[in-house]
Amino acid sequence: MDSTEASMTEMDHSGATSFFQKAPPLKNGDLISEKLKEFVRRNLEGVTPRGIVCVTSGGTTVPLEQRCVRYIDNFSSGHRGAASAEYFVKAGYAVIFVHRCGSYQPYCRYLPEDSFLDFVQLDEASNIQVPDDHAATVRKAIREYHKAVGDGLLLKLPFTTIFEYLQILQLVATSINCFGCHSMFYLAAAVSDFYVPWESMAKHKIQSAGGPLDMRLNQVPKMLSVLRKEWAPAAFCVSFKLETDPDILTQKADAALKKYGMHVVVANLLANYKEEVVIVTQNEKTTVRRKSKDEDLEEQLVGLLTERHSDYIN
Ligand code: PAZ
């Protein structure tokens with residue numbers, strides 16, 4: 001590590017410490033810790049260590065007021081994270097699904113886009129009826145979801161704000177550290193780069209009578225290097241990089257790989273992220289393309305990443 005990288009790590013460390021000290025306390029922090037403890041205990045049992053993966057999914061919000069009326073958000077739907085969580089469970093991993101409230105959920109992606117109220121009906125005796133064209137899909141979703149949860153392979157932890165996201169990520173990372181190299185982070189969430197620090201945030205709704213709003217956003221401290229170096233140093237880390245400009249994508253992915261010590265960076269462009277991603281490691285750049293509309297790109301992606309993870313373990 002050269003001196004620039006070393007001082008960068010120190011800055012990340014002190015930035016992270018100060019962020020957590022000043023963040024509003026995590027609601028249900030004790031309950032989340034309990035759930036994590038139980039999930040970890042259950043999955044540590046058994047002779048062969050099971051792989052465990054933390055999948056982050058959806059976008060974080062940046063509140064503008066402490067009693068939040070307005071917030072800054074981003075486009076992420078959570079579809080990538082939800083689909084990937086399913087394929088990790090299928091590959092035998094225990095999955096901690098850290099997701100934005102209200103975003104796509106594993107096993108619900110195939111359900112009709114219409115709300116339940118549109119496609120579920122009541123018969124004359126007020127029993128719930130699912131029309132035949134949806135019944136098989138709904139049955140499959142219910143069966144697979146309950147199997148994953150019943151087998152102790154899926155734990156869902158919701159977040160909304162950037163404060164909640166980073167606090168939960170830290171809790172998860174320190175809880176699964178005991179899995180060592182068998183743990184993986186798959187960081188598909190679109191995490192805000194800028195935020196309003198809690199202590200400088202308006203307490204009440206910002207009043208329009210004050211005229212045009214002039215607001216300064218601070219940079220969110222870079223937690224990836226803290227995750228890698230302090231919270232879960234033996235874990236296999238996969239981060240995602242989204243750009244809109246194709247000319248800078250791979251360069252940015254290479255930089256993230258080096259700067260934060262990631263094992264893999266998955267690079268994608270806003271214009272076609274559902275169709276194509278590039279797996280970037282120190283030695284390779286592998287393009288993964290969706291083969292047909294009926295296929296999830298995440299199936300191939302998770303397949304390749306679990307192979308890389310096995311190589312890493314071995
Ligand atoms: O959540 P989604 O399926 O709509 O989008 C997935 C994605 C584009 C947010 C993800 O692939 C990604 O690139 N996440 C990291 C974004 C970033 O902070 O650069």
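The points below comment on selected features of this predicted model.

1. The ligand and its nearest residues. The ligand is surrounded by 13 residues, and those that come nearest are S76, S77, G78, L242 and N268. Two of these residues also make side-chain polar approaches: an N or O atom in the side chain of S77 is 2.8 Å from an oxygen atom of the ligand, and an N or O atom in the side chain of N268 is 2.7 Å from an oxygen atom of the ligand. The backbone takes part as well, since a polar backbone atom of A188 is 3.0 Å from a nitrogen atom of the ligand. Of the 470 Å² of accessible area that the ligand has on its own, the protein covers 91%.

2. Composition of the shell. Two elements, α3 and β11 (236–243), give two or more residues to the shell around the ligand. The largest share comes from β11, with three residues. By character, the shell residues divide into six nonpolar, five polar and two charged.

3. Helix α3. This helix, residues 79–90, has 12 residues and spans 17 Å from first to last C-alpha, close to the 16 Å expected at 1.5 Å a residue. Of its 12 residues, 10 are buried, so α3 is largely enclosed by the rest of the structure. The buried residues are R80, G81, A82, A83, S84, A85, E86, Y87, F88 and V89; the charged residues R80 and E86 are thus listed among the buried ones. Just after the helix, G92 adopts a positive phi of about 95°.

4. T306 and the region of α3. T306 lies in helix α9 (residues 297–313) and is buried, with a relative accessible area of 14%. Leaving aside residues up to four places away in sequence, T306 touches F88, A91 and Y93. Of these contacts, F88 is itself one of the buried residues of α3.

5. Helix α5. Residues 132–150 form α5, a helix of 19 residues that reaches 27 Å from its first C-alpha to its last, close to the 27 Å expected at 1.5 Å a residue. Its buried residues include A135, V138, A141 and A148. An α-helix has 3.6 residues a turn, so residues three or four places apart point the same way. The spacing of A135, V138 and A141 may be read in that light. The cover over the buried residues of α5 includes α3, α4 (116–119) and β7 (154–159). After the helix comes G152, with a positive phi near 70°.

6. Positive phi outside glycine. Most residues other than glycine have a negative phi. Two residues merit inspection on this account. N28, which is not a glycine, has a positive phi of about 65°; it is placed in the loop between α1 (3–22) and α2 (29–44). Y107 has a positive phi near 70° and is found in the loop between β4 (94–100) and α4. Their surroundings may be set side by side: N28 is exposed, with a relative accessible area of 52%, whereas Y107 counts as buried at 7% relative accessibility.

7. T60 and its contacts. T60 is found in the loop between β1 (52–57) and β2 (62–63). Is this loop residue buried or exposed? At 1% relative accessibility, T60 counts as buried, because the cut-off for that class is under 20%. Not counting residues up to four places away in sequence, T60 touches twelve named residues, among them I72, D73, N74, R100, F159, Y165 and S192. With S192 there is also a polar contact of 2.5 Å between the side chains.

8. D123 and its contact. D123 has its place in the loop between β5 (121–122) and β6 (128–129). In terms of accessibility, D123 is partly exposed, with a relative accessible area of 28%. The side chains of D123 and Q129 are joined by a polar contact of 3.0 Å.

How values were computed: Residues are numbered from 1 along each chain as its sequence is written. This is a predicted model: local features need pLDDT of at least 70, side-chain atom pairs count only at pLDDT 80 or more; totals for chains, interfaces and linings use all residues. Side-chain values use heavy atoms; hydrogens and water are left out. Helices (H or I, at least four residues) and strands (E, at least two) are DSSP runs, numbered from the N terminus. The expected span of a helix is 1.5 Å times one less than its number of residues. Buried means under 20% relative accessible area, exposed over 50%, partly exposed in between (1.4 Å probe, protein chains only). Contact means heavy atoms within 4.5 Å. A residue is near a molecule or strand if one of its heavy atoms lies within 4 Å of it. A polar contact is a pair of N or O atoms within 3.5 Å; within protein, one must be able to donate a hydrogen and the other to accept it, and residues adjacent in sequence count only if both atoms are side-chain atoms. Accessible areas come from the Shrake-Rupley method with a 1.4 Å probe; for residues, only the protein chains shown count as cover.
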